[in-house]
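Okay, thanks for making time, everyone. Let me put the structure up and then walk you through the strands, the helices and a pocket.

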Amino acid sequence: MSYSLYQFNSFDELLRYIDAQIANLQKVISQLEQRYEAVKARAEKMRMIEKVLEDLMGEKLTTLNEIDYMGLKVVVNARAIDELNVLEETLESQKDTLESLTSVREAIYKLSSALSSSSETEGLPIIVQMLNGIPVRILLKETE
């Protein structure tokens, strides 16, 4: 978990920032999905070959190729199946982040719309606490 703080001068500026983050995530997800499809084809071929070999040998093939080095997992002779697993985990995480950002964006938009009718919030700096890039707390800061 990683917290960070950002300051914005208006809800519009905050919403533009979130829109840019969403667009970037969508681009990353699209690139990951393309790579996933390419790796998936190779991984399926290798799974079929391994299954045939296991059937011929009558035993399960060992695939111990991951070591833990001081908390860092190192995969030696990474196979397409290993890469596919990493891509699946990464895609799922990126999609969860995108869903969260989209949901938070909608909440901030509604808050912005409700507060825009009040001139009381005009000119107040907005401090946003983010957890792993997702806004979790908004502070409407008093002027200094």
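One term before anything else: when I say two strands pair, I mean that DSSP finds at least two bridges between them. And keep in mind that this is a predicted model.

So, pairing. Strand 1 and strand 4, which is residues 126–131, are antiparallel partners with 6 bridges. If you want a spot to zoom in on, Tyr6 sits opposite Val128 of strand 4. Strand 4 also pairs with strand 5, again antiparallel and over 6 bridges. There, look for Gln129, whose bridge partner in strand 5 is Arg137.

How do strand 4 and strand 5 connect? They make a hairpin with 2 residues between them. Asn132 is in that turn, and its phi is positive, about 55°.

Put those pieces together and you get an open sheet of 3 strands, order 1-4-5, with antiparallel pairing. Which strands are the edges? Strand 1 (3–8) and strand 5 (134–140), each of which pairs on one side only. From one strand to the next, the twist averages 25°.

Now, what lies across that sheet? Helix 1, residues 11–57, lies across strand 1, strand 4 and strand 5. Relative to strand 1, helix 1 runs at about 135°.

Let me bring in the database side. An unreviewed UniProt entry carries the annotation "coiled-coil region" for residues 15–49 and 77–104. What does the model show there? Residues 15–49 come out as 100% helix and 0% strand, with the end C-alpha atoms 50 Å apart. Residues 77–104 are 89% helix and 0% strand, and there the end C-alpha atoms lie 41 Å apart.

There's another hairpin to look at. Strand 2 (residues 66–69) and strand 3 (residues 72–75) pair in the antiparallel sense, over 4 bridges. Glu66 has Val75 in strand 3 as its bridge partner. The hairpin has 2 residues between its strands, and Met70 in the turn has a positive phi of about 55°.

Hang on to Glu66 and Val75, as both turn up in the lining of the second largest pocket. Which other residues line that pocket? Asn65, Ala78, Asp82, Asn85, Val86 and Glu89 do. Helix 2, residues 80–116, gives the largest share of the lining, with 4 residues. By type, the lining splits into 3 nonpolar, 2 polar and 3 charged residues.

And how much space is in there? About 180 Å³ for that second largest pocket. For anyone wondering about the idea behind it, rolling a probe the size of a water molecule over the atoms shows where empty space is left.

That's my tour, over to you.

Note on methods. Residues are numbered from 1 along each chain as its sequence is written. This is a predicted model: local features need pLDDT of at least 70, side-chain atom pairs count only at pLDDT 80 or more; totals for chains, interfaces and linings use all residues. Side-chain values use heavy atoms; hydrogens and water are left out. On a 1 Å grid over the protein atoms alone, a cavity is a set of points where a 1.4 Å probe fits but cannot get out, and a pocket is an open set with protein on both sides within 12 Å along at least five of seven lines; lining residues have an atom within 4 Å of a point. Grid points are joined across faces, edges and corners, and a volume is the space filled by probe spheres set on the points. Ala, Val, Leu, Ile, Met, Phe, Trp, Tyr, Cys and Pro count as nonpolar, Asp, Glu, Lys and Arg as charged, and the others, Gly among them, as polar. Axes are lines fitted to C-alpha atoms, for helices over the stretch in contact, and angles run from 0 to 180 degrees between N-to-C directions. Contact means heavy atoms within 4.5 Å. UniProt positions are given in the numbering used here, feature names are shortened, and annotations may be inferred rather than shown by experiment.
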